[in-house]
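Here are my notes on this model, for you to read beside the coordinates. Please check each point against your own view.

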Amino acid sequence: MSNTAVWVPIPAVAYWAWLLPLVLGIIFGWRYQHDKVRLGNGIWFSSFFYSFLAVLAMTILGTNNHPLIIVSVALFVLILMVIGTIFVLQAFLLLWNGWLMWRRESHTIANMLTLFLGIAILVLPILAGILSSHVPTTVRYVMTVFPNLVIFYVAFWFYNYLTMLVLYQFNRPRYRQDYIIVLGAGLLNGDQVSPLLAQRIQRGLQFYQQQQRKTGHAAIMIFSGGQGGDETIPEGQAMLAYAIQHGLPATNGWAETKSTTTLENMQFSKRLIDQGSIAQPRVIFVTNNYHSFRAGRFAKQAGLNADGIGARTAHFFLPDAIIREYIAIFMQHKWWHAAAMVGMIVLTFLMTWLDLYNGTL
């Protein structure tokens, strides 16, 4: 018999806990297969993922393999330290990103979100501290509880959205598509494809060319985008011309030139597809990676059965773009969130009343 001490004795019955992540994983997989753009799927994935990690940790401890346990604990502590460091430095990281955006992008409010958020994280606690010292205890309690509930609520859904955005990047459509929709973006100088828009077109061309090499099936590329007030030609027309210059046969490219929003990109492109001869066409769309999940939601809303693939985006641009996308998705459900805010106000006053009743305030 070995004299090696067992670090944590794990009863055999405890290993039935593996059923929990297994069941949660099956539920998530089924839901995700049927609807990849449903935010609620993020809750199922997180439930699966963290239950899997917990049961895996229990199993590693149960092996009584000391080197494996030491390496696992060290890795876990390292990950916690990285997360903790990012959390502590989040305001300064956001300010740094805001400075990069200020230097490299136009000075619009949409491009300054990380700068504003970094300033808010630094300044608001100081202002709250100063203000709370000049108000009654009850008001100070309300000022503490309600903002924390709101922050938790917004952060919870942001994490959920971020989970689904990351998962959506693993879309790998098969090389058998009939149509490839490339979503438009603003033109430079009224008629020139911007670097960001060029990345979308190049990503679509890459898929088109790979599919043709592998299967010999040439898809139709639809370039979708209308004409903005500061543009001299429609985006779809400029995109089509750019794609033809970069190797797309003119007969395999269509321009959709009326849409002004992502939803209209999907709706008007679907109309063109419905006019085609294919009864049940296979369709994908192309946009930038940060925009792919929300674009998928618009595709679903338009009745277009299409998954998206994302073009690469400059790393410094991603934080601001992701926040902007989250705000847009959050506002799509503004009335539900408003109802939640009302519920948090009611909960705050109920907690305040209970503490007053119990004499703790």
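The points below go from the whole chain to the sheet, then to single residues.

1. **Status and make-up.** This is a predicted model. The chain holds 12 helices and seven strands. Its C-alpha atoms fill a box of roughly 75 × 70 × 35 Å along the principal axes.

2. **Burial and surface.** The chain has 361 residues, and 37% of them are buried. The exposed area comes to about 20,800 Å². Carbon and sulfur atoms supply 68% of that area.

3. **Contacts and charges.** Take the contacts in the chain with a separation of 6 or more: 74% of them join residues 24 or more positions apart. There are 23 positive and 14 negative charges, and the mean positions of the two sets lie 9 Å apart.

4. **The sheet.** Five strands make up an open sheet with parallel pairing, in the order 5-4-1-6-7. Strand 5 (253-256) and strand 7 (306-311) are the edge strands. Each has a single partner strand, so one side of each has no neighbour in the sheet. From one strand to the next, the twist averages 25°.

5. **Strand 1 and its two partners.** Strand 1 covers residues 179-183 and runs parallel to strand 6, residues 283-288, with four bridges between them. Ile-181 has Phe-285 as its bridge partner in strand 6. Ile-180 is paired with Ile-284 in strand 6. Towards strand 4, strand 1 makes five bridges, again parallel. There Ile-180 stands opposite Met-221. Ile-180 therefore has a bridge partner in strand 6 as well as one in strand 4.

6. **Strand 4.** How much of strand 4 is buried? Five of its five residues are, so the strand is largely enclosed by the rest of the structure. In a regular strand, side chains alternate between the two faces of the sheet. In strand 4, Ile-220, Ile-222 and Ser-224 lie on one side, with Met-221 and Phe-223 on the other. Both faces are covered, and these residues are all buried. Four parallel bridges link strand 4 to strand 5. One pairing to look at is Phe-223 with Ala-255 in strand 5.

7. **Strand 6.** This strand is mostly covered too, with six of its six residues buried. Six bridges pair strand 6 with strand 7 in the parallel sense. Asn-288 stands opposite Ala-311 of strand 7.

8. **Helices on the sheet.** Which strands does helix 7 touch? Helix 7 (residues 195-215) packs on the sheet and is in contact with strand 1, strand 4 (220-224), strand 6 and strand 7. Its direction makes about 150° with that of strand 6. Helix 10 (residues 292-301) lies across strand 1, strand 6 and strand 7. Against strand 6, helix 10 runs at about 140°.

9. **Two asparagines with positive phi.** Asn-64 has phi near 55°, a positive value in a residue other than glycine. Asn-64 sits in the loop between helix 2 (41-63) and helix 3 (66-88). Asn-189 also has a positive phi, about 55°, and is not a glycine. Asn-189 belongs to the loop between strand 2 (187-188) and strand 3 (192-193). With a relative accessible area of 64%, Asn-189 is exposed.

10. **Gln-192.** This residue is in strand 3. Is Gln-192 buried, exposed or partly exposed? Its relative accessibility is 41%, so Gln-192 counts as partly exposed. Gln-192 and Tyr-242 are 50 residues apart in sequence, yet their C-alpha atoms are 8.9 Å apart.

11. **Ser-132.** Ser-132 lies in helix 5 (residues 113-132). Its relative accessibility is 15%, so Ser-132 counts as buried, the cut-off being under 20%. Leaving out residues up to four places away in sequence, Ser-132 touches Arg-140 and Met-143. Thr-144 is 12 residues away along the chain, with 8.9 Å between its C-alpha atom and that of Ser-132.

Conventions: Residues are numbered from 1 along each chain as its sequence is written. This is a predicted model: local features need pLDDT of at least 70, side-chain atom pairs count only at pLDDT 80 or more; totals for chains, interfaces and linings use all residues. Side-chain values use heavy atoms; hydrogens and water are left out. Two strands pair if DSSP finds at least two bridges between them. Axes are lines fitted to C-alpha atoms, for helices over the stretch in contact, and angles run from 0 to 180 degrees between N-to-C directions. Contact means heavy atoms within 4.5 Å. Buried means under 20% relative accessible area, exposed over 50%, partly exposed in between (1.4 Å probe, protein chains only). Accessible areas come from the Shrake-Rupley method with a 1.4 Å probe; for residues, only the protein chains shown count as cover. Lys and Arg count as positive and Asp and Glu as negative; His and the chain ends are not counted. The place of a charge is taken as NZ of Lys, CZ of Arg, CG of Asp or CD of Glu.
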